[in-house]
Structures are given as C-alpha cells and as structure tokens.
Amino acid sequence: PIKDLRNSILLYSTLLFGFGIGIAFFISISFSYPLQVLNQGAQKFGSGDFEHRIQLYGKDEIGQLAHAFNRMGEQIYDFTQ
C-alpha cells in the first residue's frame, strides 16, 4: 500500500505540475502578445509611418495605451498633411 500511495502521489504531482506549467505558458503568451503588437506599432510611429494603426481593443491599460498611440498618430498625420 505504501508503494501504491507513493506512485499515486508522484503521478498526481506530475500531472498538476504539467497543468501548472501549461497555465503559466498561456498566461505569459496572453500578456506578452499585446506588448509585442504595441512595440511594433510604436516602432512604426517612430520611423515616421503615422498612418499605421495599432489593432488592440482591450479595456485594460495596454488597450488604452494603444488607443492613445492611434490618436497621437492621427494628430501627427493631420499636422504633417
């Protein structure tokens, strides 16, 4: 019975560890992707492409920052035209 209990504990521990790693990977991707999109848009604005729009529509801080970048790009584009 002790070996069976040990094997069960190892099995469930391994499964829970794998599940935790999967959740951590998913969360890291969901945080880093919007930052990558925002970074690429900021680089395009920095290179002078003021017609580029950042396609993020979230209600969080990153979405608000993307919206502010888009407004800034529209205003700069209007001024340069």
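Where is the place of Phe-69? Phe-69 is found in helix H2. The model described here is a predicted one, and Phe-69 serves as the starting point for a walk through it.

Leaving aside neighbours within four places in sequence, Phe-69 is in contact with Leu-38, Ala-42, Phe-45 and Ile-54. Take Ala-42 from that list. Along the chain, Phe-69 and Ala-42 are 27 residues apart, and their C-alpha atoms are 7.5 Å apart in space. Two other residues can be set against Ala-42 in the same manner. Ile-62, which has its place in helix H2, is 20 residues from Ala-42 along the chain, with 13 Å between the C-alpha atoms. Asp-60 has its place in the loop between H1 and H2; 18 residues separate Asp-60 from Ala-42 along the chain, and their C-alpha atoms are separated by 18 Å.

Now take Phe-45 from the contacts of Phe-69. The structure holds one aromatic pair. A pair of aromatic rings is described by the distance of the centres and the angle of the planes. For Phe-45 and Phe-69 the centres are 5.9 Å apart and the planes stand at 5°, so the pair is stacked. Planes under 30 degrees apart count as stacked. Phe-45 belongs to helix H1, which covers residues 2-46, and Phe-69 to helix H2, which covers residues 61-80; the pair therefore ties together parts that are 24 residues apart in sequence.

Is Phe-45 buried or exposed? Its relative accessible area is 6%, and Phe-45 is buried, because buried means under 20%. Not counting residues up to four places away in sequence, Phe-45 touches Phe-50, His-52, Arg-53, Ile-54, Phe-69, Asn-70, Met-72 and Gly-73. Phe-45 is also one of the six residues of the largest nonpolar core, together with Val-37, Leu-38, Ile-54, Leu-56 and Ala-66. Helix H1 gives the most to this core, with three residues. Two members of the core, Leu-38 and Leu-56, are touched by Ile-62, and so are Pro-34 and Leu-35, again not counting residues up to four places away in sequence.

Asn-70, another contact of Phe-45, lies in helix H2. At 12% relative accessibility, Asn-70 counts as buried. With residues up to four places away in sequence not counted, Asn-70 touches Phe-45, His-52, Arg-53 and Ile-54.

Arg-53 appears among the contacts of Phe-45 and among those of Asn-70, and leads to a charged pair. How many salt bridges does the structure hold? The structure holds one. Arg-53 forms a salt bridge with Glu-74, and the closest N and O atoms are 3.8 Å apart. This pair links distant parts of the chain, 21 residues apart, with Arg-53 in the loop between H1 and H2 and Glu-74 in helix H2. Arg-53 counts as partly exposed at 23% relative accessibility. Glu-74 is partly exposed too, with a relative accessible area of 39%. Asp-60, in the loop between H1 and H2, counts as partly exposed at 41% relative accessibility.

The last stop is on the surface. Which residues make a nonpolar surface patch of about 560 Å²? Phe-19, Ile-23, Phe-26, Ile-27 and Phe-31 make this patch. Ile-23 is found in helix H1 and is partly exposed, with a relative accessible area of 38%. Helix H1 thus appears with a partly exposed residue, Ile-23, and with a buried one, Phe-45.

Methods
Residues numbered from 1 in each chain as written. Predicted model: local features only at pLDDT ≥ 70, side-chain atom pairs only at ≥ 80, totals over all residues. Heavy atoms only, no water. Phe/Tyr/Trp six-rings, centres within 6.5 Å; stacked < 30°, edge-to-face > 60°. Helix = DSSP H or I, 4+ residues; strand = E, 2+ residues; numbered from the N terminus. Buried < 20%, exposed > 50% of the residue type's maximum accessible area, 1.4 Å probe, protein only. Patch = residues over 30% accessible without salt bridge, like charges linked within 9 Å, V, L, I, M, F, W, Y side chains within 5 Å. Areas by Shrake-Rupley, 256 points an atom, 1.4 Å probe, with all protein chains shown as cover. Salt bridge = Lys/Arg side-chain N within 4 Å of Asp/Glu carboxyl O. Core = buried A, V, L, I, M, F, W, Y, C linked by side-chain atoms within 4.5 Å. Contact = heavy atoms within 4.5 Å.
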